[in-house]
Amino acid sequence: MGNHDKEILEASAKHPIVPLEKGKFYTYGTAGFRLKADLLEGISYRVGLLASLRSRKLNGQAIGVMITASHNPAADNGVKIVDPLGDMLEQDWERYATALVNAPSDEQLVQVYNRLATDLKIDLKSPAKVIYGRDTRPSGHKLVTALADGLEATKAESVDYKILTTPQLHYLVRATNSEGTPLSYGKVSEVGYYEKLAEAFVRALKGRKINGTLQVDCANGVGGPKLTELLKYIPKDKVNFDVKVVNDDVLRPEVLNFECGADFVKTKQRAPPTPKPQPGLRSCSLDGDADRLIYYWVDPESGFVMLDGDRISSLAASFIGDLVESAGLKDDLRIGVVQTAYANGASTNYITQHLRLPVICTPTGVKHLHHVAQGFDIGVYFEANGHGTVLFSPDALNAFKKKEPQSPAQKDALDTLAALGDLINQTVGDAISDMLLVEVILAHKNWSLRDWAMTYIDLPNRLVRVEVGNKDLFQTTDAERRLLHPEGAQDEIDQAVKKYKDARAFARASGTENACRVYAEAATRSEANELAERVARIIERYGAL
Ligand SMILES: CC(=O)N[C@H]1[C@@H](OP(=O)(O)O)O[C@H](CO)[C@@H](O)[C@@H]1O
Ligand SMILES: [Mg+2]
């Protein structure tokens with residue numbers, strides 16, 4: 001008998017797991033467990049058990065659990081675990097999560113729980129702490145109740161932060177674990193988050209003026225009320241930040257992510273139809289849990305122009321690179337940019353050739369990018385879909401604060417860098433924090449979105465989703481840019497790519513859906529479309545074999 005057997009059994013009966021067809025399992029993927037909400041209650045309960053184990057394994061440090069399905073429709077939801085520094089759950093533990101959630105009965109659940117505790121040398125009597133939050137989905141209530149029951153059954157101390165954006169929860173996890181230490185990340189409260197961002201925003205602007213109105217589409221998700229709250233903390237007498245918050249209706253679930261939000265804008269390559277786009281208005285969209293950001297405007301002449309994650313990445317790298325140089329730290333700090341294969345080739349060229357910064361390509365999923373970015377003193381990482389951040393090493397942060405400036409210009413640059421260190425969420429991509437960063441950079445450069453868009457010209461590109469019988473047949477190498485299996489498929493893709501100018505294409509199995517994705521880019525729109533279709537046909541053919 002373990003320590004919590006009786007309690008786990010009793011509570012588990014209240015939150016049963018929905019059995020899947022034979023041979024099918026729930027898996028902890030890139031986004032944690034993400035499914036139709038009515039399948040998630042038992043899963044959420046069991047994630048509570050795992051979060052307790054994880055906290056105990058890490059000497060009682062606080063672990064986070066976020067209930068959200070980001071940009072998915074309102075009927076979906078998800079459960080995701082956050083590690084003590086605010087980063088994503090360690091990969092090995094994804095397997096343990098999967099094992100616990102798929103235990104076929106309550107009794108077997110207790111067995112798996114106790115076996116994990118034994119195998120991982122976890123003392124079940126030691127303290128555990130788990131903090132959690134949820135987005136605005138109505139199903140969140142029930143999932144939080146199940147989670148709390150899991151925490152109570154395993155005697156973990158817990159804090160319910162109620163409704164939060166995903167990055168706010170990541171902030172709170174790190175703030176909780178660093179409280180009272182020299183590396184304190186900020187006050188342990190939602191207000192602490194707003195205060196930190198607002199203060200750093202004012203400091204980073206250094207009196208620069210923000211030009212014109214910014215319209216922010218909040219996908220009718222949790223970002224709406226949270227952005228409105230944050231804005232109250234920005235002192236009007238110091239900063240003229242004219243923000244128009246739109247699509248912030250969180251009371252009607254059916255409008256969540258519906259024809260709005262960062263995912264809609266990026267995949268459809270157009271502005272949300274409501275509110276009616278106003279020509280020339282500087283606009284951006286957050287996704288349903290406010291961790292992705294896309295900028296755009298509708299040009300009276302050329303129509304819709306989008307500035308995606310690649311653009312934010314190159315903008316940030318260019319600005320921070322210049323500041324590091326002005327601060328006299330160029331030889332001390334290594335700056336690098338991390339992208340995935342979906343990054344537009346023109347952005348990669350711009351960063352390597354114009355900014356002269358190294359670019360590393362990793363597999364899809366922010367945990368991979370985050371990890372590689374940690375290898376630099378300043379690591380800028382973004383997925384093309386607008387999820388990303390900039391990470392500063394302790395050496396970098398130290399240099400910004402401690403280096404003796406040799407001139408007023410150096411002091412200016414050092415101060416701005418130090419402010420960015422506080423403004424940019426160091427735990428995970430954060431749409432609200434990234435938006436403030438973009439506004440700071442545009443104000444410093446005195447740039448409009450058009451000036452920003454002029455830095456390079458995106459290669460026309462196309463992303464296609466291809467249904468296949470078994471996506472696991474498709475195995476990749478070289479950061480997902482080449483197929484190893486099925487044999488012969490990559491040769492055919494190579495042949496197809498050769499037919500087009502400045503072309504590139506790849507195919508991979510999605511990590512979040514049962515399908516393959518094909519990406520192609522080429523010198524013209526029609527060539528990019530044609531190439532994507534060709535490669536899609538190749539994948540369909542191999543997928544049917
Ligand atoms: C092409 C694309 O946008 N892929 C997305 C998508 O992953 P897939 O593995 O492609 O399904 O969802 C991930 C999680 O949100 C996100 O990290 C990633 O960028
Ligand atoms: Mg999201």
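Two strands are taken to pair if DSSP finds at least two bridges between them. With that in hand, a good place to start in this predicted model is a pair of residues: V298 stands opposite F304 in β10. The strands involved are β9, residues 293-299, and β10, which pair in the antiparallel sense over five bridges.

This pairing belongs to an open sheet of five strands, in which the order is β7-β6-β8-β9-β10 and the pairing is mixed. The edges are taken by β7 (243-246) and β10 (303-307); each has a single partner strand, so one side of each is left without a neighbour in the sheet. On average, and with direction ignored, neighbouring strands here are turned by 25° against each other. Helices α8 and α15 both lie across strands of this sheet. Helix α8, made of residues 223-232, lies across β6 (214-217), β7 and β8 (282-286), and runs at about 160° to β7. Helix α15, made of residues 431-445, lies across β6, β8 and β9, and its direction is at about 50° to β9.

It helps to set these elements against the overall division of the chain. The domain assignment of the protein chain gives domain 1 (5-163), domain 2 (191-306), domain 3 (309-453) and domain 4 (461-544). Between the C-alpha centres of domain 1 and domain 4 the distance is 35 Å.

A second open sheet also has five strands, ordered β1-β3-β2-β4-β5, and its pairing is mixed. At its edges stand β1 (33-36) and β5 (157-163), each with a single partner strand, so one side of each is left without a neighbour in the sheet. The average turn between neighbouring strands in this sheet is 15°, direction ignored. Within the sheet, strand β2 (residues 62-67) and strand β4 (residues 129-134) pair in the parallel sense over six bridges. One of the residues in this pairing is I63, whose bridge partner in β4 is V130. Helix α6, residues 166-178, packs on the sheet and touches β2, β3 (76-82), β4 and β5, with a direction that makes about 170° with that of β2.

Annotations from the record can be laid over this picture. UniProt, in an unreviewed entry, assigns "domain: Alpha-D-phosphohexomutase alpha/beta/alpha" to residues 57-96 and 120-179. Residues 57-96 are 18% helix and 32% strand, and the end C-alpha atoms of this span lie 13 Å apart. For residues 120-179 the corresponding values are 45% helix and 22% strand, with end C-alpha atoms 27 Å apart. Another UniProt feature, also from an unreviewed entry, is "domain: Phosphoacetylglucosamine mutase AMG1", placed at residues 205-293 and 308-447. The span 205-293 is 20% helix and 16% strand, and its end C-alpha atoms are 20 Å apart. In the span 308-447, helix makes up 54% and strand 14%, and the end C-alpha atoms lie 17 Å apart.

Turning to the ligand, 13 residues surround ligand 1, and the closest are E383, N385, S510, G511 and T512. By class, this shell has three nonpolar, seven polar and three charged residues. Domain 3 (309-453) and domain 4 (461-544) both give residues to the shell, so ligand 1 lies between them.

Finally, a few backbone details may be worth a look in the viewer. The peptide bond from T274 to P275 is cis, with omega near -10°, and P275 lies in the loop between α9 (262-268) and β8. A cis peptide bond is also found from H485 to P486, where omega is near -5°; P486 has its place in the loop between β17 (482-485) and α17 (489-498). S70, a residue other than glycine, has a positive phi near 45° and sits in the loop between β2 and β3.

Methods. Residues are numbered from 1 along each chain as its sequence is written. Chains are lettered from A and ligands numbered from 1 in the order in which they are written. This is a predicted model: local features need pLDDT of at least 70, side-chain atom pairs count only at pLDDT 80 or more; totals for chains, interfaces and linings use all residues. Helices (H or I, at least four residues) and strands (E, at least two) are DSSP runs, numbered from the N terminus. Axes are lines fitted to C-alpha atoms, for helices over the stretch in contact, and angles run from 0 to 180 degrees between N-to-C directions. Two residues are in contact if their C-beta atoms, placed from the backbone, lie within 7 Å. UniProt positions are given in the numbering used here, feature names are shortened, and annotations may be inferred rather than shown by experiment. A residue is near a molecule or strand if its C-beta atom, placed from the backbone, lies within 6 Å of it. Ala, Val, Leu, Ile, Met, Phe, Trp, Tyr, Cys and Pro count as nonpolar, Asp, Glu, Lys and Arg as charged, and the others, Gly among them, as polar. Domain bounds come from an automatic or database domain assignment.
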